[in-house]
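Trainee: Please take me through one part of this protein in detail. I would like to follow the second sheet, and then see what lies around it.

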Amino acid sequence: MNLNGKEIVLGVTGGIAAYKSAEIVSRLRHLGAGVHVIMTRNATEFVSPLTFQTLSANPVVTDTFASPEYWNVEHVALAKLADLFVIAPATANILAKMTAGIADDMLSTTVLATRAPILVAPAMNTGMWTAKATRENMRILTERGVHRIGPDSGMLACGDEGAGRMSEPDEIVREIIRILHISRDLAGKRVLITAGATRERLDPVRFLTNDSSGKMGFALAEAARDRGAEVTVVCGNVSVPLPNGVRIIAIESALDLLDAMMAECPSNDIIIQAAAVADYRPEKVAETKIKKKSGEQIILKLVENPDIAKAVGERKAAGQTLVGFAAETDHVNENAQQKLRKKNLDMIVANDVTQKGAGFNSDTNIATLITAEGCIEEPLQSKRKLADSILDHILMLRQKSGSPSD
Ligand code: PMT
């Protein structure tokens with residue numbers, strides 16, 4: 001892994017974690033990147049600019065002696081030069097300035113002017129990190145596409161314990177590498193993803209559903225979006241925020257999902273079905289709340305829902321790649337292989353939902369990618385990493401089948 005030819009602008013703000021940023025500079029230089037450091041006036045109280053100048057082999061920009069003319073040239077030059085803009089540590093103050101578009105020093109001015117991707121590594125006291133203003137600022141920045149790493153939890157310099165410690169330099173460098181290597185290999189592709197759980201109504205206040213949070217489907221949507229695809233998510237009930245920069249079609253039941261998929265499938269190149277769909281629904285939906293009758297049993301009659309993935313598979317067009325998921329508790333690969341064939345899929349992602357760290361509602365997953373040609377085991381990893389792996393394999397399948405414009 002090298003970063004030859006990449007130019008990284010590192011903003012250092014005033015916090016005790018500033019000393020750790022020296023380590024970031026040396027690691028980036030070691031990987032071949034050019035590093036340009038901008039320090040706020042407060043940061044220079046914690047670490048000498050000379051440290052960063054020596055490690056980066058570039059002049060360090062500070063506000064200490066800056067005249068307005070110097071600002072104009074320098075902030076535009078560094079804003080344009082950056083392949084990635086990193087702020088580590090990022091104080092509550094710089095996050096607030098970035099949110100509001102305040103440009104009152106060299107760092108805030110340059111970060112406002114840049115069009116490069118931005119990564120922030122927040123570091124502050126727990127109270128400041130959990131304050132409503134900071135949460136809201138961070139939410140807005142995330143919505144605008146700013147990447148974030150950390151903060152970690154632990155003992156803080158102020159003696160408090162909790163979230164607020166800057167991530168370790170090697171984690172920050174790993175994230176920098178990940179962001180810089182995000183390729184645009186799905187540019188021009190339309191990707192349709194299902195996510196979350198269906199709800200099958202019993203009456204106006206009750207429904208049958210499952211534990212799907214939407215995390216797996218959203219990880220796929222974000223990964224496809226970051227790789228340049230135009231993404232649509234057909235979204236059932238979820239318990240996490242919706243991803244930005246993708247089109248969302250909200251559905252409730254399996255029948256709604258079927259309608260949405262029939263309308264959307266023809267215009268998409270890649271279709272990934274990660275939603276957990278109810279196989280059955282109540283035969284009748286009561287118009288009013290079902291009343292309790294003490295001492296009496298209620299027997300629900302369920303009817304089969306359509307198999308949507310199968311319906312999509314039957315209508316598969318030339319050049320389309322269809323991927324399903326299989327949530328299994330036993331005979332995982334065997335059951336998944338049957339579903340692959342029955343639903344006419346190109347690939348199925350089998351997850352054994354009984355394993356710790358896999359399946360419903362966790363941030364991680366463990367999966368086997370199954371195609372007609374064989375199985376690839378994916379280890380325990382974040383759903384986002386698995387999503388990128390799934391997309392890599394989809395692209396390989398498309399290349400092999402000679403799909404148009406791949
Ligand atoms: O949302 P998370 O909390 O992150 O959890 C992720 C997940 C566990 C939901 C996901 O990884 C997963 O396994 N999704 C598929 C769940 C599922 O419904 O599996 P299945 O084996 O019952 O269905 C197989 C495939 O057919 C799936 O692609 C499913 O979307 C589809 N299906 C199922 C039933 C049905 N009536 N119509 C369908 O299209």
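Mentor: Start with the sheet itself. It has 8 strands and is open, in the order S12-S11-S8-S13-S16-S17-S18-S19. The pairing is mixed. At the edges stand strand S12 (247–250) and strand S19 (374–382), and each of them pairs on one side only. On average, neighbouring strands in this sheet are turned by 20° against each other, with direction ignored. Keep in mind that this is a predicted model.

Now look inside the sheet. Strand S13 covers residues 270–273, and strand S16 covers residues 321–328. The two pair in the parallel sense, over 4 bridges. To find the register, take Gln273: Gly324 in S16 stands opposite. In general, strands of a sheet pair through backbone hydrogen bonds, either parallel or antiparallel.

Next come the helices. Helix H13, residues 332–342, packs on the sheet. H13 touches S16, strand S17 (347–352), S18 and S19. The direction of H13 makes about 150° with that of S17. Helix H10, residues 215–226, lies across several strands. They are strand S8 (190–195), strand S11 (230–235), S13, S16 and strand S18 (364–371). H10 runs at about 165° to S8.

Turn to the ligand. It is surrounded by 28 residues. The closest are Ser212, Ser213, Lys339, Asn351 and Asn361. Two polar contacts involve ligand oxygen. An N or O atom in the side chain of Lys339 is 2.6 Å from an oxygen atom of the ligand. A polar backbone atom of Asn361 is also 2.6 Å from an oxygen atom of the ligand. Ligand nitrogen takes part as well: a nitrogen atom lies 2.9 Å from a backbone N or O atom of Ala274. On its own, the ligand has 770 Å² of accessible area, and the protein covers 96% of that.

Step back to the whole chain. The domain assignment gives domain 1 as 7–180 and domain 2 as 190–401. Their C-alpha centres lie 38 Å apart.

For context, here is the other open sheet. It is built from 5 strands in the order S2-S1-S3-S4-S5, and the pairing is parallel. Strand S2 (34–39) and strand S5 (147–148) each have a single partner strand, so one side of each is left without a neighbour in the sheet. Strand S1 (residues 7–12) pairs with S2 in the parallel sense over 6 bridges. Here Val9 stands opposite His36 in S2. Helix H3, residues 49–56, packs on this sheet and touches S1 and S2. The direction of H3 makes about 170° with that of S2.

Both ends of H3 repay a look. At the N-terminal end, Ser48 acts as the cap. A side-chain oxygen of Ser48 lies 3.0 Å from the backbone nitrogen of Leu50. Just after H3, Ala57 takes a positive phi of about 60°.

Finish with the hairpin. Strand S6 (residues 152–155) and strand S7 (residues 161–165) run antiparallel, joined by 4 bridges. The bridge partner of Asp152 is Arg165 in S7. Between S6 and S7 there are 5 residues. Gly159, in the turn, has a positive phi of about 100°.

Note on methods
Residues are numbered from 1 along each chain as its sequence is written. This is a predicted model: local features need pLDDT of at least 70, side-chain atom pairs count only at pLDDT 80 or more; totals for chains, interfaces and linings use all residues. Side-chain values use heavy atoms; hydrogens and water are left out. Two strands pair if DSSP finds at least two bridges between them. Contact means heavy atoms within 4.5 Å. Axes are lines fitted to C-alpha atoms, for helices over the stretch in contact, and angles run from 0 to 180 degrees between N-to-C directions. A residue is near a molecule or strand if one of its heavy atoms lies within 4 Å of it. A polar contact is a pair of N or O atoms within 3.5 Å; within protein, one must be able to donate a hydrogen and the other to accept it, and residues adjacent in sequence count only if both atoms are side-chain atoms. Accessible areas come from the Shrake-Rupley method with a 1.4 Å probe; for residues, only the protein chains shown count as cover. Domain bounds come from an automatic or database domain assignment.
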